[in-house]
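Me: I'd like a close look at a single part of this one. Start there, then work outward and tell me how the rest fits around it, with the cut-offs as you go.

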Amino acid sequence: MTRRQFAILLALALTWGCSFLFIKVIVDAGVAPMGMSGVRTALGAATLLPFAWRARKGFRQSRATWVGLAGLGALNFAIPWTIFGIAEKHVPSGAAAVANACTPLWSAILATTLLKADSLGPQRIAGLSLGFAGVLVLMGRDLANLSGSEAASILLVVVATFCYAVSAVSIRRWLGHVPAVPLATAQVATAAVLLLPAAFLTGAFEGAELTPRVVGSVAALGAFGSGIAVVAYMYLIQQAGPVRASVVTYLVPPVGVLLGWLFLEEAVGWNLLAALGCILAGVALVQGISPRRIAARFPGFATEAAAPLD
């Protein structure tokens, strides 16, 4: 992974860490999960239109490619984004962000099975294990206390992460020839076409309190979390591979938990710092980063053409 790719990884972690806060604000205001996911995909697609126009040559794809993109629109966005809306009606935004970190584990397993280019060595296995251990530490005793709708919600989030992983591996395996902007735009737009009409037909917005806080959350979630960030992630999957790209979900939990504590007064236990250390150490191992290699490259960090880290 190059320095540019790693910078994108960090920016995605910050953006999607904020997304869990926005989702919680929206669903707590009375917007149904499908309404939340429908609006965010519609705004995401609208945000991507100027980029899509500039990259319009990349949309000249075969019929099979378009069928694959449509399928991924449902699997990668429509289903998991609706699931997160359902889950956050019952669990804190920080807990949803933590459960989201299962994605790299699924990605590693699927990539090893389906992609010969991605293999698991002892260091990467240790990194994935350490990162997932950090997720468990972050949950702390709350994990043992989950019951009923909360437990079901966490299980749903795990299902959503499996959808993410299958999509990431599929993109790397079969859609690597599609440029990042068409790849993202086609999927998000497909999800919007599927979700938004269904949201209106089911009365997803009836009774919702559309305060400035809620409207701002919708705008940020749609434009950044569902638009620009998606292009960046598609690029990262294609350039760095699904396992390395999905490691962004190890960085999301600390951001999601911190924002939930700051803005929604969600409880944060003593385990936050310990979990953060485990997660960041796991990311470093999976990415093949060591202090010696960072120091060796630091003098040229500002150069535009960066050498690979692995």
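Reply: Glu265 sits in the loop between helix H12 (248–264) and helix H13 (271–287). Helices here are DSSP runs of H or I with at least four residues, strands are runs of E with at least two, and both are numbered from the N terminus. Its phi is near 60°, a positive value in a residue other than glycine. Glu265 counts as exposed because its relative accessibility is 72%; the labels are buried for under 20% relative accessible area, exposed for over 50%, and partly exposed in between, using a 1.4 Å probe and protein chains only.

Some ground rules before moving on. This is a predicted model, so local features need a pLDDT of at least 70 and side-chain atom pairs count only at pLDDT 80 or more, while totals for chains, interfaces and linings use all residues. Residues are numbered from 1 along each chain as its sequence is written, and side-chain values use heavy atoms, leaving out hydrogens and water.

Now step back to the whole chain. The protein chain has 14 helices and 0 strands. Half of it is tucked away: buried residues are 50% of the 310. The chain exposes about 14,000 Å², with carbon and sulfur atoms supplying 70% of that; this area is from the Shrake-Rupley method with a 1.4 Å probe. As for contacts (heavy atoms within 4.5 Å), take those in the chain between residues at least 6 apart in sequence: 90% of them join residues at least 24 apart.

How far can you trust it? The average pLDDT for the protein chain is 85, and 86% of the residues score at least 70; pLDDT is the predictor's confidence in each residue, from 0 to 100. The stretch over residues 297–310 has a pLDDT below 50, though in the model it has 22 contacts beyond near neighbours in sequence.

For a look inside, try Leu236, which is found in helix H10 (residues 212–240). Leu236 is buried because its relative accessible area is 0%. Setting aside neighbours within four places in sequence, Leu236 touches Met1, Gln5, Ile8, Leu9, Leu12, Gly241 and Ala245. Go 10 residues along in sequence from Leu236 to Ser246 and the C-alpha to C-alpha distance is 9.0 Å.

Ser246 turns up again around Thr103, whose contacts outside its neighbours within four places are Thr161, Tyr164, Ala165, Ser246 and Thr249. Thr103 belongs to helix H5 (residues 103–114), and at a relative accessible area of 1% it is buried too.

Next, the aromatics. Rings of Phe, Tyr and Trp (its six-membered ring) pair if their centres lie within 6.5 Å; planes under 30 degrees apart count as stacked, over 60 as edge-to-face and the rest as tilted. That rule gives 7 aromatic pairs. Phe20 and Phe84 make an edge-to-face pair, because their ring centres are 5.4 Å apart and their planes are at 75°. This pair links distant parts of the chain, with Phe20 in helix H1 (residues 3–28) and Phe84 in helix H3 (residues 63–87), 64 residues apart. Both Phe20 and Phe84 are buried. Phe200 and Phe205, on the other hand, form a tilted pair, 5.1 Å centre to centre with 50° between the planes. Phe200 is exposed at 56% relative accessibility, and Phe205 is partly exposed at 26%. Tyr164, a contact of Thr103, forms one aromatic cluster with Phe20 and Phe84.

Two arginines sit over rings, where the test is NZ of Lys or CZ of Arg within 6 Å of the ring centre and within 35 degrees of the ring normal. Arg40 lies over the face of Trp81 at 3.6 Å from the ring centre, and Arg56 does likewise over Trp53 at 4.2 Å.

Last, charge pairing. Count a salt bridge as a side-chain nitrogen of Lys or Arg within 4 Å of a carboxyl oxygen of Asp or Glu, and you get 1. The partners are Asp28 and Lys24, with the closest N and O atoms 4.0 Å apart. They are separated by about one helical turn, because they are 4 residues apart in helix H1. The two ends have unlike surroundings: Asp28 is exposed at 52%, whereas Lys24 is buried at 11%.
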